[in-house]
Amino acid sequence: MKNRLELLGITKRYPGCVANQSIRLCVGEGEIHALLGENGAGKSTLMKIIYGVVKADEGEMIWEGHQVEITGPSHARQLGIGMVFQHFSLFETLTVAENIALSLPKEKTGTLDELKRKIVDVSQRYGMKLDPDRYVHTLSIGEQQRVEIVRCLLQDLKLLILDEPTSVLTPQEVSKLFETLQQLSSEGCSILFISHKLDEVRALCHNATILRGGKVSGDCDPQQTTTEEIARLMVGDDTPFDKQFTKVEGSTPSLEINHLSFKSEDPFSTPIRDISFTVRSGEILGIAGVAGNGQEELLRLISGEEQCKNESVVLNGNPIGKLHPDQRRKLGIGVVPEERLGRGAVPNHSLAQNTLLTGFLNGLSQFGWIHYHKVKDLAARIISEFNVKSDGTEAQAKSLSGGNLQKFIIGREILQHPNLLVCSHPTWGVDVGAALVIHEALIRLRDQGGAILVLSEDIEELYKICDRIGAICDGRLSPIQPTDQVSIELLGQWMTGEFHPPGSPVDSQEATYA
Amino acid sequence: MLRLEKRPSDSRLMAYMSPVMAIILTLISGALLFAFLGQSPTHSLYTFFISPLTDLYGWSELGVKVAPLMLCALGLTLCFRAKVWNIGAEGQFIIGGLGGGYLALQMGNIESAWVLPAVILFGALCGLGWAALAALLKTRFNCNEVLTTIMLNYIALNWLLYSVHGPLKDPEGFNFPESALFSDFAMLPPLFEDYRVSVSLAFAMILMVAIWTLLSRTMIGFQISVLGEDAKAAQFAGFRAKRLVWLTLLICGALAGFAGVSEVSGQIGQLTPYISPGYGYSAIIVVFLGRMHPVGILLGSMILGLTFLGGEMVQMELAMPKSITGLFQGMLLFYLLACDLFIGYRIKLKSSAAKVAAAGS
């Protein structure tokens, strides 16, 4: 197998950190090569260097046997390199064909009709159904990703770079994408696949390069290597990764949501449509779903940032739908929001001040007077008990890495002993070690009798920690059933809105109101 | 080659050095300006910044300027920390002076110790009411407070002009646009005998400590700073943004109104078209120069107060125009904002080593 791309000694420095240090990487023709690493390991920087968005400080890049210096993305595209970013760059008010026409040189596209024919050809050949006349805003996230991929395929593609492509997809969409990628690879196109989901990498990739702290920590054949071994290369210490937690049954109802419907003033929000469920004390209830299907709105309605009919949200028998967040906290709700910096924590405030942000009701202030020594004590306890890496209680929240800030926020909520904890994406973008700390803390709270609701896109995580599971789609909630009775295929159906498979309508009805 | 580079975290040192650098740059530019106008730079700067403070009387005059600046700036500090951009201290000051002055004129014949507290309180309430208009417009109708408070400043000024040219004009004043003189019972006593500085300076000092405590030790101060830094976090924690907007604007209005009534019943003794030389606007510069900290406000007020005094000195001694004060204040704000860039950024020489490596590859 000939080498398509070879990187030698690539180094890129940013103020205060070295993002890439002497990276070597080799991708053969038709090879699907995984690039693995925790957040902040330098994967994205390396991709941007290959695609010409960022210039390396040192090092060589060899493309099909010739040394090249890529001057920018258009140069990269000329060479046959295509990239699909995590966040798509599509105009929502234009059609698929118009979007693609905008990004390709005129001589490649021809007239719009010719282009449409090409789009249909390519999408059929690779099993990615796509209608060139649809407007992008009517497409699902998975379909938008197809537009991005088809856009790359319309040029003579030799290397396709995909930056965490599966994080926004349902399990069914993921397996379809993998089929396409395997077909591409068999035709000789090389693929560089960035991910931190080890199972996917093992299922798809021929080779893997693992980055840690900006350096290559190892290469492996993922099909021959266990998930644990790969994870060890990513993290580099002896954390047990694949800890299994026992499933339990909850006791008395803690949070009851009764026929909750809600439409926010924000035109871009998802309306909540007649949702009912119960979270019991001593259990973790997980709600899966692709982002933007109402999770954010549901969380705000439970936290009190949005208000609704008083009886729609009930905590320990008290209707609380009309209460403000601080009043709900007084009754024992803890909340971990999706945005850590800029909602869960004030970026410019110290960790001590951020402890006060939600802790002010728990003895940290009296008659409006702040007891700063108590604030500092609690902040120091959070830092030590949750292993938050920081420069102490006076460090600014924005100086912490995402994972450490998340440990701090979850610690802040848990140490206030909530009887209901609502978490959005508890380990999104958090490295393996920190994720374990967070999961263990949630399980501990559950075993002490806390009720926990987890909203997450990470299905693996939900299966790991949740006792019961359901999915949200377009503001509607699927049935909720014990996790071990829900197959991943069923959960995938729920995530796409198919709640009532023929044959068992009665069952699911019962489960919804159980 | 020079390059601007983002610092990993904000520089605390630079946050304190920025005002010092701004003052130095203002002095240098001022010296150049004087030289260009054909004056000796050293003598001019001496006249502007040193000679006003060579005797006790000069320090007392500085106190006369510092008190209203501090009162307005303390209120503005609360607003600005909450990112409520109240530009209306000037209008609140004028309405405070106008309201208090109106009551003093109406009570001209009453000889009672209660006249002065009534006048002062009413002046502060008038300032508060003027700020309440902006608060209502912002919280109820979502009007941008920058626009509403600036417009309210002009309404306040024209109301004052109308009053002293019309209904409140002294009938025995030879048709000058001025009110009658207040009675002695409506006048604020001086802090020291033989000096003009009034007890309002003592109030300003007490309020400085009070606001400092409010900001650093109480939940209200904490809520204000959370709202200003991160409105989403304030909502997440359950702090009521609208209440905080009302609170900061009302306190600021009351303090500016108090400053206004103290000015007319402390130094001027009547209503004139010129009760404020722009204290409410200069206080904005004070707040940024003082880094939104009460002690910084005191130092900033002294520097801005000095520009008022120095401007008067160079008018008298060097026959310079009155606008020289505004020029110095403007330069100060300009340099301050420029220097503040370096709190978040630093200048770096583009490393030549990296260039060589890039060229070699």
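In this predicted model, A:E296 turns out to be partly exposed, with a relative accessible area of 22%. That is just past the cut-off, because a residue counts as buried only under 20%. The salt-bridge partner of A:E296 is A:R343, and the closest N and O atoms of the two are 2.7 Å apart. A:E296 belongs to helix α10 of chain A, while A:R343 sits in the loop between β16 (333-336) and α12 (351-364) of that chain, so the pair ties together parts that are 47 residues apart in sequence. A:R343 itself is buried, with a relative accessible area of 1%. So one end of this bridge is partly exposed and the other is buried.

The story of A:E296 and A:R343 doesn't stop with the two of them. Salt bridges that share partners link A:E296, A:R300, A:E305, A:E306, A:E339, A:R343 and B:K232 into one network. B:K232 is the member of this network that comes from chain B. Over all chains, the count of salt bridges comes to 31.

Helix α10 (residues 295-303) of chain A, the home of A:E296, lies across three strands of chain A: β11 (253-262), β12 and β14. Relative to β11(A), the helix runs at about 120°. These strands are part of an open sheet of four, in the order β12-β11-β14-β15 (chain A), and the pairing is antiparallel. At the edges are β12 (272-280) and β15 (318-319) of chain A, each of which pairs on one side only. Strands of a sheet pair through backbone hydrogen bonds, and they can do so in a parallel or an antiparallel way. Here, β14 (residues 313-315) of chain A pairs with β15(A) over two bridges, in the antiparallel sense. Looking across from one strand to the other, A:L315 stands opposite A:N318 of β15(A).

Next comes the place where the two chains meet. On the chain A side, 37 residues are in contact with 27 residues of chain B. The size of an interface is often given as the accessible area lost when the parts come together. For chain B and chain A that buried area is about 2,600 Å², and carbon and sulfur atoms give 60% of it. Polar contacts turn up too, with 10 residue pairs across the interface. On the side of chain B that touches chain A, the elements giving two or more residues are β1 (2-6), α7 (200-217), α8 (219-229), α9 (231-237) and α14 (352-360) of chain B.

Two salt bridges are counted between chain B and chain A. A salt bridge joins the side chains of A:D326 and B:R240, at 2.9 Å from N to O. Both A:D326 and B:R240 are buried.

A different kind of salt bridge shows up inside a single helix. A:R381 and A:E385 are four residues apart in helix α13 (residues 372-385) of chain A, which means about one helical turn separates them. Their closest N and O atoms are 3.2 Å apart. Both partners are partly exposed: A:R381 has a relative accessibility of 38%, and A:E385 has one of 45%.

Charged residues can also be tucked away, and A:K407 is a good case to look at. This lysine is found in helix α14 (residues 402-414) of chain A, and at a relative accessible area of 6% it is buried. Who are the neighbours that A:K407 touches? Leaving out residues up to four places away in sequence, they are A:F386, A:N387, A:V388, A:A434, A:V437 and A:I438. With A:N387 there is something extra, as its backbone oxygen lies 2.8 Å from a polar atom of the A:K407 side chain.

The last stop is A:T209, in strand β9 (residues 207-212) of chain A. Is A:T209 buried or exposed? With 1% relative accessibility, A:T209 counts as buried. Its side chain and that of A:H33 are joined by a polar contact of 2.6 Å. Besides A:H33, the residues that A:T209 touches include A:L25, A:A34, A:L35 and A:L36, along with A:V216, A:G218 and A:D219, again not counting residues up to four places away in sequence.

Terms used
Residues numbered from 1 in each chain as written. Chains lettered and ligands numbered in written order. Predicted model: local features only at pLDDT ≥ 70, side-chain atom pairs only at ≥ 80, totals over all residues. Heavy atoms only, no water. Pairing = 2+ DSSP bridges. Contact = heavy atoms within 4.5 Å. Axes fitted to C-alpha atoms, helices over the stretch in contact; angles between N-to-C directions. Buried < 20%, exposed > 50% of the residue type's maximum accessible area, 1.4 Å probe, protein only. Polar contact = N/O pair within 3.5 Å; in protein donor to acceptor, adjacent residues only side chain to side chain. Buried area = accessible area lost by both parts, 1.4 Å probe. Salt bridge = Lys/Arg side-chain N within 4 Å of Asp/Glu carboxyl O.
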